[in-house]
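Student: Could you go through this one with me, a piece at a time? I'd like to ask about whatever catches my eye.

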Amino acid sequence: MKVKDIIKILDAKLITGEENLELDIVSGCGADLMSDVMAYVKESVILLTGLTNTQVIRTAEMMDIQVICFVRGKCPNEDVINLAKERGITILTTKETLFISCGKLYSAGIVGRGVWNE
Amino acid sequence: MSDNIIRLHYDIDADDFSSAGLASSGTKRMLNQLGFNPAIVKKVAISMYEAEINAVIHADGGCADVEITPEKIVVVISDKGPGIPDIEQAMQAGWSTATNEIREQGFGAGMGLPNMKRYTDDMKIETELGVGTKVTLIINVN
């Protein structure tokens, strides 16, 4: 599924990172605790979270996550958006909750599988 | 290959939580530039970032020293924090002494040390109460 399809499914708004709209996304991760995000390495992944600080971008950077969707209508501040821009990370925002967002993407075929799962 | 060692040093500043991760970010970029396998780079980046965050939230900062050779990458994060009273307990997934304030920032889930162990080939914790903690993370390249 492409990022532009995810935008439609979640009725999301693109904040930054238009260059990744054609990027293929296979798996998803929904969490507000960044160490939980880092516990499972996934490929071609979208991170859904309600946390909007710079550490979300840093976590994405460490994990090679190229797309983040902020839920519950949250939008990060300018510093966070700028850091995402610098790192080539796409930011979306949706009014849906974390649970509903994950459910919609899962129903549409996004999986939760990690690549290094034991 | 002693002539083939690259050493990096970073101070880890704890004044501003939003700047935490700069050392790991710099190291990741250097490893990418050097052409290391992306899976290896990711292991170093995640484990180092967790250790760096720990130094910020538990120990008022510290420093990071990275030694890069073609065979392995060694990351040492040292702090002058309170030390870890019970390492075995600290290694348990979900156990944390972090405050609610830290949890609101997305950390303190008790997954930091388990994640470091998960992504490293060898990990050593030296700690002394009231003196500080030194975490050594070793990731083999092959």
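Student: Let's start with A:Leu47: is it buried or exposed?

Tutor: This is a predicted model, and in it A:Leu47 has a relative accessibility of 0%, so it counts as buried, given that the cut-off for buried is under 20%. The residue sits in strand 3 of chain A, which covers residues 45-49.

Student: And which residues is A:Leu47 in contact with, leaving aside its sequence neighbours?

Tutor: If neighbours within four places in sequence are set aside, A:Leu47 is in contact with A:Cys29, A:Val37, A:Val56, A:Ile65, A:Val67, A:Ile68 and A:Cys69. As for A:Ile25, it lies 22 residues from A:Leu47 in sequence, and the two C-alpha atoms are 10 Å apart in space.

Student: Any cavities? How many are there of 30 Å³ or more?

Tutor: There is one cavity of 30 Å³ or more in the structure, and the largest cavity holds about 30 Å³ of space. Its lining is made of A:Cys29, A:Val37, A:Tyr40, A:Lys42, A:Val45, A:Met63 and A:Ile65, and by class these are six nonpolar, no polar and one charged residues. A:Cys29, A:Val37 and A:Ile65 in that lining are also among the contacts of A:Leu47.

Student: Ok, open pockets then. How much space lies in the largest pocket, and what is closest to its centre?

Tutor: The largest pocket has about 500 Å³ of space, and of the 30 residues that line it, B:Asn54, B:His58, B:Ile84, B:Thr97 and B:Leu113 are the closest to its centre. The lining has 18 nonpolar, 10 polar and two charged residues.

Student: Which element gives the most to that lining?

Tutor: Helix 2 of chain B does, with eight residues. Helix 2 (38-59), strand 3 (72-79), helix 5 (112-119) and strand 5 (132-140), which belong to chain B, each supply at least two residues of the lining.

Student: What about the second largest pocket, which residues line it?

Tutor: The second largest pocket, with about 180 Å³ of space, is lined by residues of both chains: A:Ala60, A:Glu61, A:Asp64, A:Ile65, A:Gln66, A:Arg87, A:Gly88 and A:Ile89, together with B:Lys28, B:Arg29 and B:Asn32. Helix 1 of chain B (22-33) supplies the largest share, three residues, and by class the lining divides into three nonpolar, three polar and five charged residues.

Student: A:Gly88 is in that list; where is it relative to helix 4 of chain A, and what is its phi?

Tutor: A:Gly88 comes just after helix 4 of chain A and takes a positive phi of about 70°.

Student: So which residues of helix 4 in chain A are buried?

Tutor: In helix 4 of chain A, residues 78-86, the buried residues are A:Val80, A:Ile81, A:Leu83 and A:Ala84. Viewed down the axis of helix 4 of chain A, these buried residues fall within an arc of 160°, so they line one face of the helix. On the other side of the helix, A:Glu78, A:Asp79, A:Lys85 and A:Glu86 are exposed.

Student: What covers the buried residues, and what happens at the start of the helix?

Tutor: The cover over the buried residues of helix 4 of chain A includes strand 1 (13-16), helix 3 (54-63) and strand 5 (90-93) of chain A. At the start of the helix, a side-chain oxygen of A:Asn77 reaches to within 3.1 Å of the backbone nitrogen of A:Asp79.

Student: Back to phi: which residues other than glycine have a positive value?

Tutor: Most residues other than glycine have a negative phi. Two that have a positive one are A:Arg72, at about 55°, and B:Asp60, near 60°. A:Arg72 lies in the loop between strand 4 (67-70) and helix 4 of chain A and is partly exposed, with a relative accessible area of 39%. B:Asp60 lies in the loop between helix 2 and strand 2 (62-68) of chain B, and at 64% relative accessibility it counts as exposed.

Student: Last one, A:Ser101: buried or exposed, and what does its side chain reach?

Tutor: A:Ser101, in helix 5 of chain A (residues 98-107), counts as buried at 0% relative accessibility. Its side chain reaches the backbone oxygen of A:Thr97 at 2.6 Å, and, not counting residues up to four places away in sequence, A:Ser101 touches A:Leu10, A:Leu48, A:Val71, A:Thr94 and A:Glu96.

Technical notes:
Residues are numbered from 1 along each chain as its sequence is written. Chains are lettered from A and ligands numbered from 1 in the order in which they are written. This is a predicted model: local features need pLDDT of at least 70, side-chain atom pairs count only at pLDDT 80 or more; totals for chains, interfaces and linings use all residues. Side-chain values use heavy atoms; hydrogens and water are left out. Buried means under 20% relative accessible area, exposed over 50%, partly exposed in between (1.4 Å probe, protein chains only). Helices (H or I, at least four residues) and strands (E, at least two) are DSSP runs, numbered from the N terminus. The arc is that of the directions from the helix axis to the C-beta atoms. Contact means heavy atoms within 4.5 Å. A polar contact is a pair of N or O atoms within 3.5 Å; within protein, one must be able to donate a hydrogen and the other to accept it, and residues adjacent in sequence count only if both atoms are side-chain atoms. On a 1 Å grid over the protein atoms alone, a cavity is a set of points where a 1.4 Å probe fits but cannot get out, and a pocket is an open set with protein on both sides within 12 Å along at least five of seven lines; lining residues have an atom within 4 Å of a point. Grid points are joined across faces, edges and corners, and a volume is the space filled by probe spheres set on the points. Ala, Val, Leu, Ile, Met, Phe, Trp, Tyr, Cys and Pro count as nonpolar, Asp, Glu, Lys and Arg as charged, and the others, Gly among them, as polar.
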